[in-house]
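Biologist: I should like to learn how to read the features of a structure that is new to me. May we begin with the general idea behind each feature and then turn to the case at hand?

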Amino acid sequence: MTVRVERTFELEVSPENVWEFIADPEKRASTISVVADYEQTGEYSSIWHIKLPIPFLDTTVPVKTEDVERDPPRYVKFVGRSSALRVTGEHEIQETETGSRLVNRFTVEGKVPGVERFFKKNLDDELDNLEAALREEAAA
């Protein structure tokens, strides 16, 4: 089973300011609650060390993450690969009359039992974290 989620945020922030946040791999990683650690490996690549509370994973899993498509300040797509899962994330920024619309699309394919069930149950909460971080940064 593959988990797919799409969520759109309306933000009273310029597309350029949204881009500054969303195009930064470390800022994206920091909003995800299961990311226990993060290391930058290149300009657009990193390793997210995730800790999932599922029975078959009692250790942190390194997820090699790389931006595979970038169209500043409009679009970024990243792919993360590990022994436990594959995740694809897309962030599309659209200008609106009052600021920006951010369209977020995520696909998670589990390779270990329980991964997809975890993300099906929790991906909306993770997107809530992303939205809260964007709003907090915009207010700063």
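Modeller: Let us begin with burial: a residue counts as buried when its relative accessible area is under 20%, as exposed when that area is over 50%, and as partly exposed in between. Please keep in mind throughout that the model is predicted.

Biologist: Is Leu85 buried or exposed, by that rule?

Modeller: Leu85 has a relative accessibility of 3%, and therefore it counts as buried. This residue lies in strand E6. Beyond its neighbours within four places in sequence, Leu85 is in contact with Ile50, Leu52, Gly80, Glu109, Gly110, Lys111, Val115 and Phe119.

Biologist: What separates the C-alpha atoms of Leu85 and Ala140?

Modeller: The two residues stand 55 places apart along the chain, and 35 Å lies between their C-alpha atoms.

Biologist: Which residue would illustrate the intermediate class of accessibility?

Modeller: Ala133 does so, because its relative accessible area is 22%, which makes it partly exposed. Ala133 belongs to helix H3, and its contacts beyond four places in sequence are Phe21 and Thr31. From Ala133 to Ser30 the separation is 103 residues in sequence, yet 9.1 Å in space between C-alpha atoms.

Biologist: How should a residue in a loop be read, and what is the accessibility of Ile54?

Modeller: The same cut-off applies: at a relative accessible area of 9%, Ile54 is buried, and its place is the loop between E3 and E4. Leaving out neighbours within four places in sequence, Ile54 touches Pro113, Gly114, Val115 and Phe118. The C-alpha atoms of Ile54 and Phe118 are 7.6 Å apart, although 64 residues separate the two along the chain.

Biologist: Let us pass to the nonpolar core. How many residues does the largest one hold, and which have the most contacts inside it?

Modeller: Such a core is a set of buried residues of certain nonpolar kinds, joined through their side chains. Here the largest has 39 residues, and Trp48, Ile50, Leu52 and Val115 have the most contacts within it. Helix H3, residues 115–139, gives this core its largest share, namely seven residues.

Biologist: What does Trp48 touch?

Modeller: Apart from residues up to four places away in sequence, Trp48 touches Pro25, Arg28, Ala29, Ile32, Val35, Asp37, Tyr38, Val61, Pro62, Val63, Thr65 and Phe78. Its relative accessibility is 9%, so Trp48 counts as buried.

Biologist: Now for the aromatic rings. How many aromatic pairs does the structure hold?

Modeller: There are three aromatic pairs. In one of them, Trp48 and Phe78 are tilted, with 5.7 Å from centre to centre and 40 degrees between the planes. This pair links distant parts of the chain, since Trp48 sits in strand E3 (residues 45–50) and Phe78 in strand E5 (residues 75–81), 30 residues apart. Phe78 has a relative accessibility of 2% and therefore counts as buried.

Biologist: Why is the pair of Phe118 and Phe119 edge-to-face?

Modeller: An angle over 60 degrees between the planes counts as edge-to-face. The planes of Phe118 and Phe119 stand at 85 degrees, with ring centres 5.1 Å apart, so the pair is edge-to-face. Phe118 counts as buried at 11% relative accessibility, and Phe119 is buried at 8%.

Biologist: Which residues do ring pairs link into a cluster?

Modeller: The cluster consists of Trp48, Phe78 and Phe106.

Biologist: Let us turn to enclosed space. How many cavities of 30 Å³ or more does a search of the whole structure find?

Modeller: A cavity is a space where a probe fits but cannot get out. The search finds one of 30 Å³ or more, and the largest cavity contains about 270 Å³ of space. Its lining has 19 residues, and Ile32, Trp48, Phe78, Val87 and Phe106 lie nearest its centre.

Biologist: Which elements supply that lining, and how do its residues divide by kind?

Modeller: E3, strand E6 (85–95), strand E7 (100–110) and H3 each supply at least two residues of the lining, with H3 giving the largest share, five residues. The lining divides into 15 nonpolar, two polar and two charged residues.

Biologist: Finally, I would ask about the backbone. Which residues does a cis peptide bond join?

Modeller: The cis peptide bond joins Pro72 and Pro73, with omega at about -10 degrees. Pro73 is placed in the loop between strand E4 (61–71) and E5.

Technical notes:
Residues are numbered from 1 along each chain as its sequence is written. This is a predicted model: local features need pLDDT of at least 70, side-chain atom pairs count only at pLDDT 80 or more; totals for chains, interfaces and linings use all residues. Side-chain values use heavy atoms; hydrogens and water are left out. A nonpolar core is a set of buried Ala, Val, Leu, Ile, Met, Phe, Trp, Tyr and Cys residues joined through side-chain atoms within 4.5 Å. Buried means under 20% relative accessible area, exposed over 50%, partly exposed in between (1.4 Å probe, protein chains only). Helices (H or I, at least four residues) and strands (E, at least two) are DSSP runs, numbered from the N terminus. Contact means heavy atoms within 4.5 Å. Rings of Phe, Tyr and Trp (its six-membered ring) pair if their centres lie within 6.5 Å; planes under 30 degrees apart count as stacked, over 60 as edge-to-face and the rest as tilted. On a 1 Å grid over the protein atoms alone, a cavity is a set of points where a 1.4 Å probe fits but cannot get out, and a pocket is an open set with protein on both sides within 12 Å along at least five of seven lines; lining residues have an atom within 4 Å of a point. Grid points are joined across faces, edges and corners, and a volume is the space filled by probe spheres set on the points. Ala, Val, Leu, Ile, Met, Phe, Trp, Tyr, Cys and Pro count as nonpolar, Asp, Glu, Lys and Arg as charged, and the others, Gly among them, as polar.
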